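Thank you all for making the time this morning. I would like to walk you through one structure, slowly, and then leave room for discussion.

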Amino acid sequence: QVQLVESGGGLVQPGGSLRLSCAASGSGFSIGAMGWYRQAPGKQRELVARINLDGSSNQSDSVKGRFTISRNYAKNTATLQMNSLKPEDTAVYYCNAEVVELSGGSWNIYWGQGTQVTVFS
């Protein structure tokens with residue numbers, strides 16, 4: 001069983017920075033793409049940034065130039081560096097990963113439990 005554990009959320013003023021981390025734990029699996037999503041109150045969950053197995057990445061237009069996703073393939077971790085935060089970035093941020101069991105089977109999507117990011121004036 002694979003678990004994704006996020007950390008690094010919190011309170012920050014506009015213009016500030018936060019770093020979110022996601023660690024995949026367990027054994028006998030391989031990870032494909034990893035990503036960060038967010039969900040604000042009353043809104044649908046949306047993609048923030050995603051990094052593929054080959055290192056290519058993409059971000060939503062709303063965070064381009066401010067957020068950067070990176071990955072440590074050896075440690076099965078993904079990090080979201082968030083700079084120049086705005087009040088509209090306030091949301092619960094979820095880590096997401098494509099996972100396949102090495103014993104065989106299809107790819108499945110796993111989610112973390114979420115971490116709150118609040119940007120307040």
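**Strands, a core and a disulfide**

Let me start with a single pair of residues, where alanine 49 has glutamine 59, in strand 6, as its bridge partner. Please keep in mind throughout that what you see is a predicted model. The pair I just named belongs to the contact between strand 5 and strand 6, the latter covering residues 57-59, and these two strands run antiparallel with three bridges joining them. Between the strands of this hairpin there are five residues, and here glycine 55 takes a positive phi near 90°.

On its other pairing, strand 5 is joined to strand 4 by five bridges, again with the strands running antiparallel. If you look for one pair there, you will find arginine 38 standing opposite glutamate 46, which lies in strand 5. The hairpin of strand 4 and strand 5 has six residues between the strands, and in this hairpin glycine 42 is the residue with a positive phi, near 75°.

Now let me turn to an open sheet, which has four strands in the order 1-3-8-7 with antiparallel pairing. Its edge strands, each pairing on one side only, are strand 1 and strand 7. On average, and ignoring direction, neighbouring strands of this sheet are turned by 15° against each other.

At one edge of that sheet, strand 1, residues 3-7, pairs with strand 3, residues 18-25, in the antiparallel sense and over five bridges. Within this pairing, glutamine 3 has serine 25 of strand 3 as its bridge partner, while leucine 4 stands opposite alanine 24, also in strand 3. Strand 1 has two faces, a covered one with Leu4 and Glu6 and an uncovered one with Gln3, Val5 and Ser7.

Which residues touch the most other members of the largest nonpolar core? That core has 29 residues, and the ones in question are Met34, Trp36, Val48, Phe67, Leu80, Met82 and Tyr93. Several elements give two or more residues to this core, among them strand 3, strand 4, strand 5 and strand 11, but the largest share, five residues, comes from strand 9.

Phenylalanine 67 is worth pausing on, and if we leave aside its neighbours within four places in sequence, its contacts include Arg38, Val48, Gln59, Leu80, Met82 and Tyr93. You will recognise Arg38 as the residue opposite glutamate 46, and Gln59 as the bridge partner of alanine 49.

My last topic is the disulfide, and the count comes to one. It is formed by cysteine 22 and cysteine 95, whose sulfur atoms are 2.0 Å apart. Cysteine 22 lies in strand 3 and cysteine 95 in strand 9, so the pair ties together parts that are 73 residues apart in sequence. Why is this disulfide called left-handed? The reason is that the torsion about the S-S bond of cysteine 22 and cysteine 95 is about -80°.

Are these two cysteines buried or exposed? Cysteine 22 is buried because its relative accessible area is 0%, under the 20% limit, and cysteine 95 is likewise buried, with a relative accessible area of 0%.

That is the tour, and I am happy to go back to any part of it.

Conventions. Residues are numbered from 1 along each chain as its sequence is written. This is a predicted model: local features need pLDDT of at least 70, side-chain atom pairs count only at pLDDT 80 or more; totals for chains, interfaces and linings use all residues. Side-chain values use heavy atoms; hydrogens and water are left out. Buried means under 20% relative accessible area, exposed over 50%, partly exposed in between (1.4 Å probe, protein chains only). Two strands pair if DSSP finds at least two bridges between them. A nonpolar core is a set of buried Ala, Val, Leu, Ile, Met, Phe, Trp, Tyr and Cys residues joined through side-chain atoms within 4.5 Å. Contact means heavy atoms within 4.5 Å. A disulfide is a pair of cysteine sulfur atoms within 2.5 Å. Axes are lines fitted to C-alpha atoms, for helices over the stretch in contact, and angles run from 0 to 180 degrees between N-to-C directions.
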